[in-house]
Amino acid sequence: MTLLRYLAALLLLITALPAIAQDEPKVATVAASLTQASAELQAIDDATPAARDDKARQALRDRAQAVQATAADAVRTLTPEMALVQARVTELGAATPGVVEAPEIRQQRKLLAQSQSAIDSAIKRARLIGIEAKQQIDDIGAAEAEELGQQLSENTGSPLSPTLWAAIVDHLPRDSARLMRFVNTEARQFSSRFGMHAGTGLLIGILTALVLVVPLRGWLHRVGRRYATNHAPGGRLRRSAYALWLVVIGTALPGLAAWAIVASLRWGGLVSPAWSRFGAIFVGLAWFCAFVSSLGGALLLRGQSTWRLLPIGDGAAQALRPYSWMAAGLIFFGQLLIATNLLIGISAPASSAANAVVALLHIMVLGAILVTLGRLRAAALPDPTKPARNTLLAIVATLVWLVLLVTLIAGLIGYVNFAFKVATWLLWGAIVGATLYLMMTFTDDACRTLLSSGNRLGRSANSGFGVDNKTVDQIGVLLSAVLRLLLILLAVGAVMAPFGAGVGSAFELFGTVANGITVGQVTISPGAVLRSLVVLFVALAIMRGLQHWLVNSYLPTTAMDAGAQNSVTMVARYAGIIAAVLWSLGALGIGMEKLAVVLGALSVGIGFGLQAITQNFVSGLILLAERPVKIGDLVRIGNMEGDVKRINVRSTEIQVADRSTLIVPNSELITKTIQNMTLAAPIGRIQLQFSVPLEEDLDAVRAMLFAAFAEKHEVLDDPEAKVFIDSIDAGRAKFNCFAYVASPRDAYPIRSELLFTLLRQFREAGIEVGTTATKMELVGSLPSIVGTDPAAPQPDQTADQAGDQNRT
């Protein structure tokens, strides 16, 4: 026994040592990367106080985010290793007190303990570095916010005060000298390097720019319009795609033209190092301002009302189009002026005056846009005396007016930086809003058009994967909603970019949400939800394939009837749905033990609030299992009669004679009395009741009845037809006849045909046919009506007999 124990220990050691040896290099590599990340984080912390501008802070933020990513990767790498080591420790078990273990076991336990300690220390260190990196990023953002607050709250002097202009005059000689030095530097560079080679390159650059801006742009406009008209999918996508095409070429071609000119200057050596930064700013502003101008043109589309995305008329488009040019020109020259001031190092008073002028121009352009919008809105009212219905637009316009007024007052009293920041932010917000409108419109149109039941992709999904047309449309709508939500997130980050938040901060917030929300012991994150939805989709697809195999392949080979096959299919379907839901919940992180707790907590609510639904659900399972009613049965519930068309878990669908559908809760079919006329013997009975005078030949009448039954091939031979004389009353013999047909559904039409045949034959034979005599009495002391027999059937009895005749 001791020998076996030593052999087992030796085998366990042999299998575990290689795995432990493999873990050591990985842990060492991760530890080295963490050491490097810690040193990088210390360097970032030392450089943070010296970072004074946005560019330097952004570089430090990028470095801190890289450290944070390294720490997160280390945790993701070491967590599975830690789980493996813990599994080995668990497999080895705890040391038994008083028992001397084999040396191999003690060695393995020591190695596992060392490995577990090293991995645990590395994980804790990585998490600590990640927290410190996050704090460093927050500190950089706080420093930016603090500096921004100081700039906005700084009073640089009112543009209306003589002090500011006196300071500008005092600094004018030095500022002029700096400007002339900056200009002369480039002039000397240009004159010294200009020659045939450089001139040829500059001419090629200018000609290329002209070709890009004028003929090529017009040709691409016409090509895009022609393609959108003849080849693009119909509907709204054609308009939004054409508008996006106009923005793309309207941005790219002027931007490339500016780049061609600057590149030709640099290629010929005509740009001095001091002007190289100016050239880059020039190209960047050209790209952005071309985008602003083309965006306005694509949304307004003067003279092309059928292609216009905005719901405005041609007059409004004509009135608003110049403002997009004004905004583009203001951004170009204003930002170029501010960039030039920074490059030449202009004095603070002159820089403040330039900012004030730019802010004032922004306020004027925005105010003019609001005035134009107000006039257009007033002109569009059908009745100017009545208030406008679109109160939201009025509220937004009022708020913008208030902000502009506050900005103007702040700039006039000396808070120029605040006025400049808010004015440029308002114009930037308008540009972001217009871009968001275009992109959301295009995204929605593309998703709804390409992922629709009428599109080729939707038809392929329907024919190839069996996806329902409505499901394809729903997928398009949901995808559109997700993509538009992402666009809104990007737009929010872009709007907040001037205040230091930016798109990166928006994605950081999104990343925080993406990490999940912990509820109890369950962490719900977008990734887990997406994984759960994928698992649910796959499980439902497997269930659908199994159901398709049952319906089309397996069940037709069995001896089951249609009702039994439907029961098996329904049970398999709902069992598959339950299994898919449980599988999906497991992928979400909700195990069976947690689900049992939730169901236990919900049992009280289910017992009271969902009692009827639960009762119908259980009744539906009973119907599918016991099959007292199955598909195709002819049933009667109360005074309603029809065929069972579908049995669901909650209710049963019955088609009545007028082709309408009767929805019956399953509990009604279990707890109440119903008549199933096709359950045991699915044959129909025909009953004929009439009377003839005793003077007629009763045998002849009987023979005629049997002959009529025999002529109808629908009348069954087994059970055979029966003809009875039920009674003799008031000198008449009452006949009661029975015949049987293959289905209760055939009883009514065959009975009608028999009556037509018999009435014709009785008329030809001169036989008088009558109905059963009835008796009518008046309540009270009046005697009975003459001509009635007290022994005749009562009215309620006759009605019952008539009901029996119509019963099938």
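This report walks through the overall make-up, the nonpolar cores and the aromatic pairs of the chain shown above.

**The chain as a whole**

Please keep in mind that this is a predicted model. The chain has 808 residues, and 35% of them count as buried. Its secondary structure comes to 23 helices and 10 strands. If you look at contacts between residues at least 6 apart in sequence, 71% of them join residues at least 24 apart. The surface that the chain exposes is about 46,000 Å², with 65% of it supplied by carbon and sulfur atoms.

**Nonpolar cores**

A good place to begin inside the model is the largest nonpolar core, which has 48 residues. The members that touch the most other members are V292, L295, I431 and L438. Several helices each supply at least two residues of this core, among them helix 5 (196-213), helix 7 (236-267), helix 9 (314-344) and helix 12 (416-450). Helix 8 gives the largest share, nine residues.

To see one of these members in its setting, find I431. Leaving aside residues up to four places away in sequence, I431 touches F288, F291, V292, L295 and I331. There is also a second, separate core of 28 residues, including A64, M82, A122 and I140.

**Aromatic pairs**

Across the whole structure, a search finds 11 aromatic pairs. Two of them are set side by side here.

| Pair | Arrangement | Centre to centre | Between the planes |
|---|---|---|---|
| F282 and F332 | edge-to-face | 5.6 Å | 75° |
| F690 and F735 | stacked | 5.4 Å | 10° |

The edge-to-face pair links distant parts of the chain: F282 belongs to helix 8 and F332 to helix 9, 50 residues apart. F282 has a relative accessible area of 26%, so this residue is partly exposed. F332, at 14%, is buried, because buried means under 20% relative accessible area.

In the stacked pair, F690 sits in strand 8 (residues 684-693) and F735 in strand 10 (residues 732-741), so the pair ties together parts that are 45 residues apart in sequence. F690 counts as buried at 9% relative accessibility, and F735 counts as buried at 3%.

Finally, rings can also join up beyond a single pair: F182, W275 and F278 are linked by ring pairs into a cluster.

Methods:
Residues are numbered from 1 along each chain as its sequence is written. This is a predicted model: local features need pLDDT of at least 70, side-chain atom pairs count only at pLDDT 80 or more; totals for chains, interfaces and linings use all residues. Side-chain values use heavy atoms; hydrogens and water are left out. Helices (H or I, at least four residues) and strands (E, at least two) are DSSP runs, numbered from the N terminus. Buried means under 20% relative accessible area, exposed over 50%, partly exposed in between (1.4 Å probe, protein chains only). Contact means heavy atoms within 4.5 Å. Accessible areas come from the Shrake-Rupley method with a 1.4 Å probe; for residues, only the protein chains shown count as cover. A nonpolar core is a set of buried Ala, Val, Leu, Ile, Met, Phe, Trp, Tyr and Cys residues joined through side-chain atoms within 4.5 Å. Rings of Phe, Tyr and Trp (its six-membered ring) pair if their centres lie within 6.5 Å; planes under 30 degrees apart count as stacked, over 60 as edge-to-face and the rest as tilted.
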